[in-house]
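User: Please take a close look at chain A. I want to know how its parts meet, how it meets its partner chain, and what sits against it.

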Amino acid sequence: MRIPLKKSGYEIIKAEVVKITPMTATEKLYEIRLKNGENLDHDPGQFVEVSIFGAGEAPISVCSSPTNQDTFELCIRKVGRMTSVLHNLKVGDEIGIRGPFGVGFPVNLLKGRDMIFIAGGLGIAPLRSLINYVLDERRDFGKVDILLGCKTPDKMLFGSEVAVWAERMDVNFCCTVDKSDPEWKGNVGLITTLIPGVNFNPDNTFAVVCGPPEMYIYVIQELLKKGMPESRIYVSLERHMKCGMGRCGHCQIHQYYCCMDGPVFPYDKVKDLEGAI
Amino acid sequence: MKDVLLKKELFDGFVEALMNSYKVAAPTRRGDKSFAFDFITNPSEVCLDHIPTILPPKKYFLPQHETLLEYDTTEGQNMQAFVEIEPMVILGVHSCDIAGIQCLNHVFMDRPKDYHYQARHDKILLIGYECLRKCDQYASCGLMQTHTPTGGYDIFMTDMGDHYYFSINTFAGKGMVQLFEGFEPADTVAEKTLKKLRSDKKKLFKNETDVSLAEIPSIFEWGFDSHVWDRTAEKCLSCGNCTNVCPTCYCFDVNDEPELNLAKGRRVRVWDSCQNETFAIIAGGENFRPKRAQRTRHRFFRKFKYPVMRYGKFFCTGCGRCSRQCMASINLKETISNLKRSWGEI
Ligand SMILES: Cc1cc2nc3c(=O)[nH]c(=O)nc-3n(C[C@H](O)[C@H](O)[C@H](O)COP(=O)(O)OP(=O)(O)OC[C@H]3O[C@@H](n4cnc5c(N)ncnc54)[C@H](O)[C@@H]3O)c2cc1C
Ligand code: SF4
Ligand code: SF4
Ligand code: FES
């Protein structure tokens, strides 16, 4: 007996690639529109499973703000099999989307507060959804600091957009590279070196951190040194993910499933869990 | 619902009646001390008195290799999700294995539901079979209190000498009984005998360890940093046998399996194991449980701590399969006992 299912959780929604913007040698930005006529309706910080039948699925953060309703964006780094297939997509191609999944950033809690964004490398992807949300609703938020870090200047993501953030009077922007090249005029050094220079009021500020696994602890230590309470540091964590629904076990961090209980966690919730940070 | 009795010589007739309406799976003999659930073609294949089968009945609820959907990319990303299943009865399920299915029910039928699991669950009827003696030295159903059923079945059978007592728990259970003529209503004498038998069982099914169920949460509260995990993992081969045979392990992988023409294929889920070294690697190459000891510990914490926090119950049924199957002789009872004893040691 064959029982058809309509909402098993594994169905994809068909979507169309409407625009592709190459960003670096390894990253491309994709603008996607769902074909069912609906909005993705995501929170900043949530992710989707991108599917291409035959190649599989990959969890990818939605990097656009939900204030841009009609389409959404994904910034995809080519690292392996599935992401290589994604990099071969052309405008007009059809893909599948599941989600959005997980818990994003608590935007209502953040309203009225000062914000510090700290992104390393591809960590800018999930943070960009929140940064653009904050900038789109700028008057709902207090002071905004954005700290960016990447390995080398040619690895900088969202270059033209970052240039606009840097120009804005209502944003304090700081950027650093691990290794410079002859044209680079900015800071050189790890992202942690930027934190002592930021002035913030620990009583009214939230920090949001996303980057490679090894980055978190050093950044968090710098923030704590300056008096930031643990409960107001939010981290977005990456884990191996398959189902996105708290079952397959790949993303488990102690009692939490990163795909459902995260990927965004307040630091105090995970700080004592070995291997989480 | 009124319980019934069935004379033993009529049991095969009842099984035949079931087979006329359902596919029937039951424990069958594979070797001297080896049993497996399998679909039967003849009532004589049923082996009610068995020790835990190689694989638990979870294989019918969460098949080792299960199609989630079929796709066809000839004209875009088309797909249809479905479940392929016949209405079936699993006969002769021990109470520990029923407890295992109850754990999986939590995981897959709490929201967001897994409708593949739900569809299978809705088509499977369970007839349990009461254990009257301990299976072997590996079982810890005395510790885990799973030797006597606490719901989760349609019918539960108890051997009472010349007949079986059928406790009927659901309408579906009543429906199965109605398929066969030979039942008699259970009288008060039979009910009393069942009660007595159950209370006598408590003496037989003593705690197999020096750890009490009540102290497990505290042991696993401080036991994370115990040296026991390193010592245990020294022997472990990371083969994943223990998780495959466990009735409450449910980790899986999702893969695409294209047909030869590549345009069509299936997206499937297959059992995976947290004991595999690559289980928690991410794109940057970071592995969140690179050490064997971390993975061994993870398995135990997924039985005795995390599910307690998430689902309010232990995810070990004491079936003993993990210890029975382990090529490195890693024993669950000993490990918990060692963990308790390691308190204060470095
Ligand atoms: C919540 C979340 C958000 C993410 N956001 C982005 C994003 O915005 N942009 C982006 O480029 N990448 C993102 N990733 C990472 C991305 O999912 C992986 O790079 C991708 O799945 C690798 O697939 P692959 O087939 O190309 O690699 P493979 O050829 O399968 O393997 C390459 C490496 O990736 C690891 N990997 C494979 N599958 C997964 C998986 N499902 N989850 C995690 N790691 C995996 C492998 O262990 C291996 O080390 C995110 C991951 C998570 C969990
Ligand atoms: S069965 Fe034994 S050797 Fe294999 S992974 Fe489990 S504990 Fe290790
Ligand atoms: S952990 Fe071992 S004893 Fe416990 S349910 Fe799983 S296989 Fe059975
Ligand atoms: S991705 Fe499957 S449990 Fe989180």
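Analyst: The account below goes from the domains to the partner chain, then to a ligand and to the unusual backbone.

This is a predicted model, and every value here is computed from it. Chain A is split into domain 1, residues 13–101, and domain 2, residues 107–236. Taken over C-alpha atoms, the centres of domain 1 and domain 2 of chain A are 24 Å apart. Contact between the two involves 16 residues of domain 1 of chain A and 16 residues of domain 2 of chain A. Together the two domains bury about 1,300 Å², and carbon and sulfur atoms account for 66% of that area. On the domain 1 side, the residues that lose the most area to domain 2 of chain A are Pro44(A), Cys63(A) and Thr67(A), which make up 33% of what that side buries.

The polar part of this domain interface can be listed briefly. Between domain 1 and domain 2 of chain A there is 1 salt bridge. A salt bridge joins the side chains of Glu73(A) and Arg128(A), with 2.9 Å from N to O. There are also 5 residue pairs in polar contact across the interface of domain 1 and domain 2 of chain A, counting pairs with both residues at pLDDT 80 or more. Two elements, β3 (27–34) and β6 (72–77) of chain A, each give two or more residues to the side of domain 1 that touches domain 2. Of these, β6(A) gives the most, with 3 residues. By class, that side of domain 1 of chain A holds 7 nonpolar, 6 polar and 3 charged residues.

Next comes the partner chain. Here 42 residues of chain A are in contact with 56 residues of chain B. The area buried between chain A and chain B is about 4,400 Å², with 54% of it from carbon and sulfur atoms. Met1(A), Phe53(A) and Arg247(A) supply 20% of the area that chain A buries against chain B, more than any other three residues.

Chain A and chain B share 5 salt bridges. A salt bridge between the two chains pairs the side chains of Lys242(A) and Asp253(B) at 3.4 Å, N to O. In addition, 35 residue pairs are in polar contact across the interface of chain A and chain B, both residues being at pLDDT 80 or more. On the side of chain A that touches chain B, at least two residues each come from β1 (2–5), β4 (47–52), β5 (56–61), β7 (94–101), β15 (256–257) and α6 (258–261) of chain A. The most come from β1(A), which gives 4 residues. Sorted by class, the side of chain A that touches chain B has 17 nonpolar, 12 polar and 13 charged residues.

Chain A also borders a ligand. Ligand 1 lies between chains A and B. It has 22 residues around it, and those that come nearest are Pro59(A), Cys75(A), Arg77(A), Thr83(A) and Met241(A). A backbone N or O atom of Pro59(A) is 2.6 Å from an oxygen atom of ligand 1. For Ser61(A), a backbone N or O atom is 3.0 Å from a nitrogen atom of ligand 1. Thr83(A) uses its side chain instead, with an N or O atom 2.5 Å from an oxygen atom of ligand 1.

Two backbone features remain. Gly262(A) and Pro263(A) are joined by a cis peptide bond, with omega about 5°. Pro263(A) sits in the loop between α6 and β16 (264–266) of chain A. The other feature is at Asp41(A), which has a positive phi of about 55° although it is not a glycine. Asp41(A) is placed in the loop between β3 and β4 of chain A. Of the elements flanking that loop, β3 gives residues to the side of domain 1 that touches domain 2 of chain A, and β4 gives residues to the side of chain A that touches chain B.

Conventions. Residues numbered from 1 in each chain as written. Chains lettered and ligands numbered in written order. Predicted model: local features only at pLDDT ≥ 70, side-chain atom pairs only at ≥ 80, totals over all residues. Heavy atoms only, no water. Domains from an automatic or database assignment. Contact = heavy atoms within 4.5 Å. Buried area = accessible area lost by both parts, 1.4 Å probe. Salt bridge = Lys/Arg side-chain N within 4 Å of Asp/Glu carboxyl O. Polar contact = N/O pair within 3.5 Å; in protein donor to acceptor, adjacent residues only side chain to side chain. Nonpolar A, V, L, I, M, F, W, Y, C, P; charged D, E, K, R; others polar. Near = heavy atom within 4 Å.
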